[in-house]
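Welcome! Below you will find a set of short exercises, each followed by a worked solution. Take a look at the structure, try each task, and then read on.

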Amino acid sequence: MNLSHSNGSTHNFNGFEEKLDELRRLLGKSDGDPLRIVGVGAGAWGSVFAALLQDSYGQFREKVQIRIWRRAGRILDKATAEHLFEVINSREDVLRRLIRRCAYLKYVEARLGDRVLYADEILKDGFCLNMIDTPLCPLKVVTNLQEAVWDADIVVNGLPSTETREVFEEISKYWKERITVPIIISLAKGIEAALQPVPHIITPTLMINRATGVPIENILYLGGPNIASEIYNKEYANARICGAEKWRKPLANFLRQPQFIVWDNSDLVTHEVMGGLKNVYAIGAGMVAALTNESATSKSVYFAHCTSEMIFITYLLAEEPEKLAGPLLADTYVTLLKGRNAWYGQMLAKGELSLDMGDSISGKGMIQGVSAVGAFYEILSQSSLNVLHPEDNKPVAPVQLCPILKTLYKILIKRDGSPQAILEALRDETLNDPRDRIELAQSHAFYRPSLLGQP
């Protein structure tokens with residue numbers, strides 16, 4: 001079986017046209033009317049997702065149209081332009097492609113400082129601003145949101161969770177006259193906290209549902225333990241698409257590739273929340289790695305405490321939390337190894353970044369773990385969720401049993417203390433054995449369905 005190449009050339013996978021025809025049939029597409037797929041947001045994962053689809057299905061031009069929207073006007077700085085030029089010249093296949101498309105000269109001029117490059121401009125040539133080192137296939141880029149989405153059959157949300165609500169509220173204006181209901185696949189990992197009428201978590205799929213009125217049955221979440229650049233470079237990976245059965249099973253089949261296995265699951269919101277939770281603890285892991293000079297022992301101590309807190313939190317969120325253990329730990333593991341949130345924690349601890357620079361970092365995109373720290377802390381601080389303290393036998397807010405989360409909140413949100421505080425938290429002799437936290441969760445009726453909007 002032939003694989004598509006990361007320089008944008010494609011070969012016909014066995015069965016790809018049949019999978020496309022099947023999805024077109026389910027969506028009621030007639031001959032001559034292409035299936036319109038649009039990515040909204042061009043971060044690393046959103047861009048790779050669009051490029052995977054383009055590599056696989058772009059050859060069937062009469063049957064499918066794949067485009068990606070990103071905002072216009074973002075200028076590459078000189079250092080990024082210089083680095084991009086080095087990447088281009090290190091890859092003969094990319095160099096030949098640009099010369100063939102008469103697109104190479106502008107990169108030479110940008111390298112010399114004679115012109116500026118824009119993020120949407122380079123994306124058309126297959127370069128994602130947040131992932132310059134991994135050239136993608138050329139993409140069809142649209143900078144007008146209305147043009148991108150008004151007639152889309154499938155919309156892929158590649159926006160950070162912090163931008164999802166605002167953009168989809170704008171999209172809803174363009175869908176007022178729609179007759180057909182689109183399918184939306186959200187890639188966003190992050191949450192917001194809401195305290196009324198009861199404390200509950202708002203996920204990106206719920207933001208989209210509320211902003212657009214698209215029924216939740218047509219909104220799905222796709223996530224998994226993976227790094228975007230490695231997926232595009234054909235590292236073996238897997239993911240889950242979660243949502244209503246009507247669409248998740250055909251979409252899992254449509255998205256599945258030899259090197260990218262997509263499973264399906266009915267538990268939409270819980271998997272989505274877990275994707276946000278691991279980003280919280282990844283930031284702390286990066287701090288510990290930097291502060292201890294990559295000490296394996298210190299990192300393992302941190303891992304024991306952070307996983308016990310995550311498991312404790314899942315017992316509040318899920319009726320059958322044990323089913324989430326594997327996916328959550330796998331996603332956490334890959335994020336600690338190579339994710340942007342762990343990288344961010346390292347850079348903060350090394351002093352190479354500061355909190356004053358914000359959580360949208362040039363060349364990396366949005367660090368979604370920062371807002372997730374604030375949201376999880378706020379939710380778990382509510383007295384209506386009180387649990388019994390294992391030693392004092394007094395009711396306390398769940399966050400009081402999560403010292404790592406408390407410390408991250410103090411560092412990142414309150415800005416009260418340096419990253420060094422994460423080590424002080426680990427060395428606190430009053431900390432309980434991480435196993436005790438898990439046993440406490442297992443031995444009590446912890447589940448709070450209202451946290452995820454369940455009755």
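Is Lys 63 buried, partly exposed or exposed? With a relative accessible area of 23%, Lys 63 is partly exposed. Here buried means under 20% relative accessible area, exposed means over 50%, and partly exposed lies in between (1.4 Å probe, protein chains only).

Before going on, note that this is a predicted model, in which local features need pLDDT of at least 70, side-chain atom pairs count only at pLDDT 80 or more, and totals for chains, interfaces and linings use all residues. Residues are numbered from 1 along each chain as its sequence is written, and side-chain values use heavy atoms, with hydrogens and water left out.

**Exercise 1. Find the salt-bridge partner of Lys 63 and place both residues.**

Step 1: Recall the rule. Side chains of opposite charge can pair when their charged atoms come close. A salt bridge is a side-chain nitrogen of Lys or Arg within 4 Å of a carboxyl oxygen of Asp or Glu.

Step 2: Apply the rule. Lys 63 pairs with Asp 21, at 2.9 Å from N to O.

Step 3: Place the pair. Lys 63 sits in the loop between α2 (44–57) and β2 (64–69), while Asp 21 belongs to helix α1 (residues 16–26), so the salt bridge links distant parts of the chain, 42 residues apart. Helices (H or I, at least four residues) and strands (E, at least two) are DSSP runs, numbered from the N terminus.

Step 4: Check the cover of the partner. Asp 21 is partly exposed, at 32% relative accessible area.

**Exercise 2. Describe the salt bridge between Arg 36 and Asp 151, then the one between Arg 101 and Asp 125.**

Step 1: Start with Arg 36. Its side chain meets that of Asp 151 at 3.1 Å, N to O. Arg 36 lies in strand β1 (residues 35–40) and Asp 151 in the loop between α7 (145–149) and β4 (154–157), so this bridge ties together parts that are 115 residues apart in sequence. Arg 36 is buried, with a relative accessible area of 19%.

Step 2: Turn to Arg 101. The closest N and O atoms of Arg 101 and Asp 125 are 3.6 Å apart. Arg 101 is in the loop between α4 (92–100) and α5 (104–111), and Asp 125 is in the loop between α6 (119–124) and β3 (141–142), 24 residues apart. Arg 101 is partly exposed at 40%, whereas Asp 125 is buried at 3%.

Step 3: Look for shared partners. Lys 29, Asp 33, Arg 36, Asp 151 and Asp 153 are joined into one network by salt bridges that share partners. The whole structure holds 25 salt bridges.

**Exercise 3. How many disulfides does the structure hold?**

Step 1: Set the cut-off. A disulfide is a pair of cysteine sulfur atoms within 2.5 Å.

Step 2: Test Cys 137. Its closest cysteine sulfur, in Cys 128, is 12 Å away, which is too far for a bond. Cys 137 is buried, with a relative accessible area of 1%.

Step 3: Test Cys 306. The closest cysteine sulfur to that of Cys 306 is in Cys 402, 11 Å away and too far for a bond. Cys 306 is buried too, at 0% relative accessibility.

Step 4: State the result. The structure holds zero disulfides.

**Exercise 4. Which residues have a positive phi without being glycine?**

Step 1: Examine Cys 102. Its phi is near 55 degrees, and Cys 102 lies in the loop between α4 and α5. Cys 102 is exposed, with a relative accessible area of 72%.

Step 2: Examine Asn 293. Its phi is about 55 degrees, and Asn 293 lies in the loop between α12 (268–291) and α13 (296–317). Asn 293 is exposed, at 70%.

**Exercise 5. Where does the chain have a cis peptide bond?**

Step 1: Find the bond. A cis peptide bond joins Gln 196 and Pro 197, with omega about -5 degrees.

Step 2: Place the proline. Pro 197 lies in the loop between β6 (192–194) and β7 (200–202).
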